[in-house]
Amino acid sequence: MSAYRTILVGTDGSDSSFRAVDRAAQLAAATGATLLLASAYHPMPERERLAAADRLGDLAYKVQGSTPADDALRAARERAVAAGAKEIEQIAVEGDAVDVIARLARDRAAELVVIGNRGLNSLAGRILGSVPANLSHRAPCDVLIVHTTDGK
């Protein structure tokens, strides 16, 4: 088995996803792999965006388009660099997290997808399916589900 050359990790800016970023960055540092940091996002509906713009004034740009995803990616990059990853790319893509990560893994020929376990043990996750569970079925490569929550 050869070392991973491309490792993809999804982040939404949550503490759980940042713990997955840490693990993916450690693996990328150890293997010399390229680390792809990905964040899926859904644009805010126009009505909500306008209401937020009224309340936020000059700071309204922070809730528009891919800005929240871009912010999460910047923070994830800082963590990845601190963990020793050298070659890092950031990708924000509009869409559902599972669809985006599975498509990126295929399009970018990732050999490993890293994701946190958040949602695996929740009632909603068991009924509706969680991002980690769905990715484990849809990803075209190995999937590492990192223990990032206490399981409650």
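Helices here are DSSP runs of at least four residues, numbered from the N terminus. By that count, glutamine 26 lies in helix H1, one of the helices in this predicted model. Glutamine 26 is neither fully tucked away nor fully out in the open: with a relative accessible area of 43%, this residue is partly exposed, because the partly exposed range runs between 20% and 50%. Glutamine 26 also has a partner from far along the chain. Its C-alpha atom is separated by 5.6 Å from that of alanine 83, although the two residues are 57 apart in sequence.

Now for the whole chain. The protein chain holds 6 helices and 5 strands, and, read from the N terminus, these elements run β-α-β-α-α-β-α-β-α-α-β. Of the 152 residues in the chain, 39% are buried. What share of the contacts between residues at least 6 apart in sequence join residues at least 24 apart? The figure is 74%.

The strands come together as an open sheet of 5, with parallel pairing and the order E3-E2-E1-E4-E5. Which strands stand at the edges? They are E3 (88-94) and E5 (142-146); each has a single partner strand, so one side of each has no neighbour in the sheet. From one strand to the next, the twist averages 25 degrees. Inside that order, E1 (residues 6-10) pairs with E4 in the parallel sense over 3 bridges, and valine 9 stands opposite valine 114 in E4.

Helices pack on this sheet too. H4 lies across E1, E2 (34-41), E3 and E4, and runs at about 135 degrees to E3. H6 (residues 131-138) also packs on the sheet, where it touches E4 and E5. The direction of H6 makes about 165 degrees with that of E4.

Next come the helix pairs. Two packed helices are described by the angle between their axes and the distance between the axes. For H1 (residues 15-31) and H3 (residues 67-82), the axes come within 9 Å and cross at roughly 40 degrees. An angle from 35 to 65 degrees falls outside the parallel and perpendicular ranges, so H1 and H3 are oblique to each other. Their crossing is right-handed. On the H1 side, Phe18, Val21, Asp22 and Ala25 take part in the contact, and they meet Ala72, Ala75, Ala76, Arg79 and Ala80 in H3. The residues of this contact divide into 7 nonpolar, no polar and 2 charged.

H4 and H6 form another such pair. Their axes come within 10 Å and cross at roughly 35 degrees, and this crossing is right-handed. Here Ala97, Val98, Asp99, Ile101 and Ala102 in H4 meet Val131, Asn134, Leu135 and Arg138 in H6. This contact divides into 6 nonpolar residues, 1 polar and 2 charged.

One last spot involves the backbone. Most residues other than glycine have a negative phi. What is the phi of alanine 109? It is near 55 degrees, a positive value in a residue other than glycine. Alanine 109 sits in the loop between H4 (97-107) and E4 (112-116). With a relative accessible area of 48%, alanine 109 is partly exposed.

Technical notes. Residues numbered from 1 in each chain as written. Predicted model: local features only at pLDDT ≥ 70, side-chain atom pairs only at ≥ 80, totals over all residues. Heavy atoms only, no water. Helix = DSSP H or I, 4+ residues; strand = E, 2+ residues; numbered from the N terminus. Buried < 20%, exposed > 50% of the residue type's maximum accessible area, 1.4 Å probe, protein only. Pairing = 2+ DSSP bridges. Axes fitted to C-alpha atoms, helices over the stretch in contact; angles between N-to-C directions. Contact = heavy atoms within 4.5 Å. Parallel < 35°, antiparallel > 145°, perpendicular 65-115°, else oblique. Left-handed = near helix turned anticlockwise from the far one by under 90°. Nonpolar A, V, L, I, M, F, W, Y, C, P; charged D, E, K, R; others polar.
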